[in-house]
Amino acid sequence: MKVTFIFHSSFAVELAEHLLIFDYYGEGALPEMPAGKKLFFLNSHSHPDHFKKEILDLRTVCPGAEYVLSRDIRPGVEADWIHRVRAGEEYAFGGLSVRTLKSTDLGVAFIAEADGKRIYHAGDLNWWHWEGEEKSWNNNMAARYKREIDRLEGERFDAAFLPLDGRLGDAYFWGMEYFLRKAKADAVFPMHCWQQYGICRKVLEEPEMKGLLEHYHPIEREGQEWQV
């Protein structure tokens, strides 16, 4: 499995017969499109750092590409190559199976399965704890996040893409920590770092993360690739 970091929360995952591109919105360079592989774009929600309509035009240079879009996204066109999905559902699109969780922000998180691999992409499903918010708001956020991640307890993924957002201050890693205590991943990638890649190393120093980051791959630059 080849993983390429594109930008922000956008990654490409190349499998034996499929290429899955998560939360691409036109920023950053796409990897080379391997001939003969089925291409799916999966976009978790409509925020402009996760989706822009312009990516639909890529079908002109990527014939046969299909799009799996959260229901809050309004693509402005209906076609059999656009699949809109709701939270808490399961879908099959040929050789790709998709299960969704409800985001704590907007849209969905994806559990995608193809070619015998299981991939988790959180979208904006995260433990958003903001200093300055009411205690009741933060408590509700914690409960909502834990409720969704608890659905994955005991599951294993070949790769997991998890937010690591420095804007949250001391709470920046809480979502990643909780996920990794509930589920297992053979490869873990941070995302949603707002190009502050130092935070990807900082998390390795957090005492609470000891023993959880054995399979962790910090981001250093756009276009970075891994074979996992």
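1. Which side chain of opposite charge is nearest to D23, and how far away is it? In this predicted model, the nearest such side chain is that of R167, at a distance of 12 Å. D23 is buried and yet has no salt bridge, a point that a reader new to the structure may wish to look at before turning to the sheet.

2. As for where D23 sits, its place is in the loop that runs between β3 (18-22) and β4 (38-43). A polar atom of the D23 side chain lies 2.7 Å from the backbone nitrogen of S44, and S44 is also among the residues that D23 touches. Leaving aside residues up to four places away in sequence, the other contacts of D23 are S9, S10, L42, N43, H50, H121 and G123.

3. Turning to the sheet, six strands make up an open arrangement in the order β7-β8-β9-β10-β12-β14, and their pairing is mixed. Because β7 and β14 (188-191) stand at the edges with a single partner strand each, one side of each is left without a neighbour in the sheet. From one strand to the next, the twist averages 20 degrees.

4. At the β7 edge, strand β7 (residues 90-93) and strand β8 (residues 96-102) run antiparallel and are joined by 4 bridges. The two strands form a hairpin with 2 residues between them, and G94, which belongs to the turn, has a positive phi of about 65 degrees. Within this pair, E90 of the hairpin stands opposite R99 in β8.

5. At the β14 edge, strand β12 (residues 159-163) is joined to β14 by 4 bridges, and here the two strands run parallel. L162 has P190 as its bridge partner in β14. Helix α2 (residues 174-182) packs on the sheet, where it touches β10 (117-121), β12 and β14, and the direction of the helix makes about 150 degrees with that of β12.

6. Is V98, a residue of strand β8, buried or exposed? V98 has a relative accessible area of 3%, and it therefore counts as buried, the cut-off being under 20%. Not counting residues up to four places away in sequence, V98 touches L42, E89, E90, Y91, F93, F110 and I111; L42 appears among the contacts of D23 as well. V98 and A142, which are 44 residues apart in sequence, are 25 Å apart in space, taken from C-alpha to C-alpha.

How values were computed: Residues are numbered from 1 along each chain as its sequence is written. This is a predicted model: local features need pLDDT of at least 70, side-chain atom pairs count only at pLDDT 80 or more; totals for chains, interfaces and linings use all residues. Side-chain values use heavy atoms; hydrogens and water are left out. Buried means under 20% relative accessible area, exposed over 50%, partly exposed in between (1.4 Å probe, protein chains only). Lys and Arg count as positive and Asp and Glu as negative; His and the chain ends are not counted. A salt bridge is a side-chain nitrogen of Lys or Arg within 4 Å of a carboxyl oxygen of Asp or Glu. A polar contact is a pair of N or O atoms within 3.5 Å; within protein, one must be able to donate a hydrogen and the other to accept it, and residues adjacent in sequence count only if both atoms are side-chain atoms. Contact means heavy atoms within 4.5 Å. Two strands pair if DSSP finds at least two bridges between them. Axes are lines fitted to C-alpha atoms, for helices over the stretch in contact, and angles run from 0 to 180 degrees between N-to-C directions.
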